[in-house]
Amino acid sequence: MAGQGDLALDQIERAITAAGDDGASFRPDLAYALAMVGYHGEALEIYESLLTAQPNDGETRVNFANLLYVLQRADEAEAEYRKAIALSPAHVEAYANLGTLLHEGQRYEEAIETFQAALALQPESADLHHNLGAVYRALDRFDEAAASYAEAVRRAPNRPDLHEKHGAALSASGDLDEAAAAFRRALAQTPDFVDARTGLAEVAMAQGAPKSAIDLCDEYLRDFGYNSGVIAAKALAHNDAGDETEAAYFLDLDRFVCPAEIGVPPTFTNRRAFDAAIEAEARAHPSLTFEPPAVATTSGFQTGDLFHDAATPAIA
């Protein structure tokens, strides 16, 4: 994978060469850069050798655990996070990423305890409050989720994603007026935020105001164009308003999905050869490199992607 990771790897290798006997001090950076550009096996070897030489290095152990988690070796990653915590009881990232691992494994009560331990160390972290709220939400403990998201919002009021999560938890708990206010705060910061827009529309429907929900959807479609989630919300609002014909109109796939026949280019002898070439192109595309867990974290924040370049192009 090309990009900043490859550049960092090249620079670190140059530094190691230039440092001579002192180059070993750069090996943790080299391992991280290798992992970042997808050389997972090589990174694992370096981390293992570093920990053999310095088993009490908590920082290296956390980075090793992060890589194991990305490789979906969750049991090993958990063991390494716990070793890191034993070595460095104030290592917030170890608690945070262990909490996410436990959440991913549906070990919710353990995840709550772990995030609470992280928050005891770093109570001003909006991301940690967010992650704790996500665990409560997974347990349908919506009042506690809303309280956690409120703490996150208090610490990072300019993040629309936190306002949206707060609104969703409030809505699920039945506090519709406060939910609407939270969704509106998210939209004030990011007017094209689809989840906040549809969340506010759902609140309007729950309050018996489907026309307001339709207006919210129409505003989005006018200002930002087509979005399937907004169309679905508008269809539901029309249905709630008793207009089943209009609802069916917006759910008519024949209007939105038009099959198109792709002709065989002249450079291919037949369709089978063309289809085989497309399949080969797709399988070799960099966007199909290893996909890490959806809620991997760095510093307690759910990134969805620890190491890969977020700018990887989609298949053209």
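Is Gln72 buried or exposed? With a relative accessible area of 55%, Gln72 is exposed, because the cut-off for that word is over 50%. Please keep in mind as you read that this is a predicted model.

## Two loop residues with positive phi

Let us stay with Gln72 for a moment. This residue sits in the loop that links helix H4 (58-70) to helix H5 (74-87). Its phi is near 65 degrees, a positive value in a residue other than glycine.

Asp140 is another residue to look up in the structure. Its phi is positive, about 60 degrees, although Asp140 is not a glycine. You will find Asp140 in the loop between helix H8 (126-138) and helix H9 (142-155). Asp140 is exposed, since its relative accessible area is 54% and the cut-off is over 50%.

## A walk along helix H4

Now to the helix that comes before Gln72. How far apart are the end C-alpha atoms of H4? They are 18 Å apart, which agrees with the 18 Å that the 13 residues of H4 should span at 1.5 Å a residue. At the N-terminal end, Asp57 acts as a cap for H4, with a side-chain oxygen 3.2 Å from the backbone nitrogen of Glu59. Just after H4 comes the positive phi of Gln72, about 65 degrees.

H4 is mostly covered, and twelve of its 13 residues are buried. Among them are Gly58, Thr60, Arg61, Asn63 and Asn66, as well as Val62, Phe64, Leu67 and Leu68. What covers these buried residues? The cover includes helix H2 (27-36), helix H3 (40-53), H5 and helix H6 (92-104). A general point helps when you view any such helix: an α-helix has 3.6 residues a turn, so residues three or four places apart point the same way.

## The nonpolar cores

Leu67 of H4 is buried, and this residue turns up again in the largest nonpolar core. That core has 67 residues, and Leu67, Tyr81, Leu128 and Phe183 touch the most other members. There is also a second, separate core of five residues, including Ala126, Ala152, Ala156 and Leu162.

## A buried histidine

Our last stop is His238, which belongs to helix H14 (residues 228-240). His238 is buried, because its relative accessible area is 10% and buried means under 20%.

Which residues does His238 touch, not counting those up to four places away in sequence? The contacts of His238 are Ile214, Asp243, Glu246, Ala247 and Phe250.

Notes. Residues are numbered from 1 along each chain as its sequence is written. This is a predicted model: local features need pLDDT of at least 70, side-chain atom pairs count only at pLDDT 80 or more; totals for chains, interfaces and linings use all residues. Side-chain values use heavy atoms; hydrogens and water are left out. Helices (H or I, at least four residues) and strands (E, at least two) are DSSP runs, numbered from the N terminus. Buried means under 20% relative accessible area, exposed over 50%, partly exposed in between (1.4 Å probe, protein chains only). The expected span of a helix is 1.5 Å times one less than its number of residues. Contact means heavy atoms within 4.5 Å. A polar contact is a pair of N or O atoms within 3.5 Å; within protein, one must be able to donate a hydrogen and the other to accept it, and residues adjacent in sequence count only if both atoms are side-chain atoms. A nonpolar core is a set of buried Ala, Val, Leu, Ile, Met, Phe, Trp, Tyr and Cys residues joined through side-chain atoms within 4.5 Å.
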